[in-house]
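Student: I have a structure open and would like to learn how to read its features. Where should I begin?

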Amino acid sequence: EFSLSPSSSSVTTGQDTTVTLNLNTGGNSVNSWKATINYSTSAFSSVSVATASGSVFTSVQKPDVTSGGTIRISRYSTTASSASGAVAVITLRASAVGATSLSFAHICNPTSDSTPCSAVTDASGTNLLSGLNNASVTVSAVPVSGSTSTTKTTTKKKGVAGAVAGA
């Protein structure tokens, strides 16, 4: 199972947000994985990908793609592993206000599906991927610096007992 964490986050325009790609092997021996994640090009102006610290999947199968609304990452290990955890770190620069999602492409047969897709394979090439958990990001405007809020205070004066208006 692939998941993105945090599953929900907030960032302001111009700031970077980091999302971790996690792999749960379910105890299966995994040799390689590939993930295709779609994002809004109007919400994010740049993207970078790095292998997560401590991941056993450190060898790059194909160069990462991080443009045009698509992130494609693929890694393998020379020795099969059943370890679960973080496998990649994705950094995105927020560029426009709004709510957007980071969503995985469909689960595929890695040997016959030529479309961008997601898979986790064993030594025989069988796809073991059982689920995909997407993430959402809310981008808000940068607060205007130096702005002050104005509060109007009204004080009501107590009148003098017995005073006559206009006297």
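Tutor: We will go through the disulfide, the salt bridges and the largest pocket of this predicted model.

Student: How many disulfides does the structure hold, and which residues are joined?

Tutor: The structure holds 1 disulfide. C108 is joined to C117, with 2.0 Å from S to S. The link of C108 and C117 is right-handed, with 55° about the S-S bond.

Student: Are C108 and C117 buried or exposed?

Tutor: Both C108 and C117 are buried.

Student: What about salt bridges: how many are there?

Tutor: There are 2 salt bridges. One pairs the side chains of R93 and D16, at 2.5 Å from N to O. R93 belongs to strand β9 and D16 to strand β3, so this pair links distant parts of the chain, 77 residues apart. The other pairs R75 with D64, at 2.8 Å from N to O. R75 is in strand β8 and D64 in the loop between β6 and β7, so that pair ties together parts 11 residues apart in sequence.

Student: Why does R75 count as buried?

Tutor: Buried means under 20% relative accessible area. R75 counts as buried because its relative accessibility is 2%. Its partner D64 is partly exposed, at 29%.

Student: Which residues lie nearest the centre of the largest pocket?

Tutor: They are K34, Q61, K62, S74 and C117, out of 21 lining residues. The pocket has a volume of about 430 Å³.

Student: Which strand gives the most to the lining?

Tutor: β4 does, with 5 residues. By type, the lining has 10 nonpolar, 7 polar and 4 charged residues.

Definitions and conventions:
Residues numbered from 1 in each chain as written. Predicted model: local features only at pLDDT ≥ 70, side-chain atom pairs only at ≥ 80, totals over all residues. Heavy atoms only, no water. 1 Å grid on protein atoms, 1.4 Å probe; cavity = no way out; pocket = protein on both sides within 12 Å on 5 of 7 lines; lining within 4 Å. Points joined across faces, edges and corners; volume = space filled by probe spheres on them. Helix = DSSP H or I, 4+ residues; strand = E, 2+ residues; numbered from the N terminus. Nonpolar A, V, L, I, M, F, W, Y, C, P; charged D, E, K, R; others polar. Disulfide = S-S within 2.5 Å. Buried < 20%, exposed > 50% of the residue type's maximum accessible area, 1.4 Å probe, protein only. Salt bridge = Lys/Arg side-chain N within 4 Å of Asp/Glu carboxyl O.
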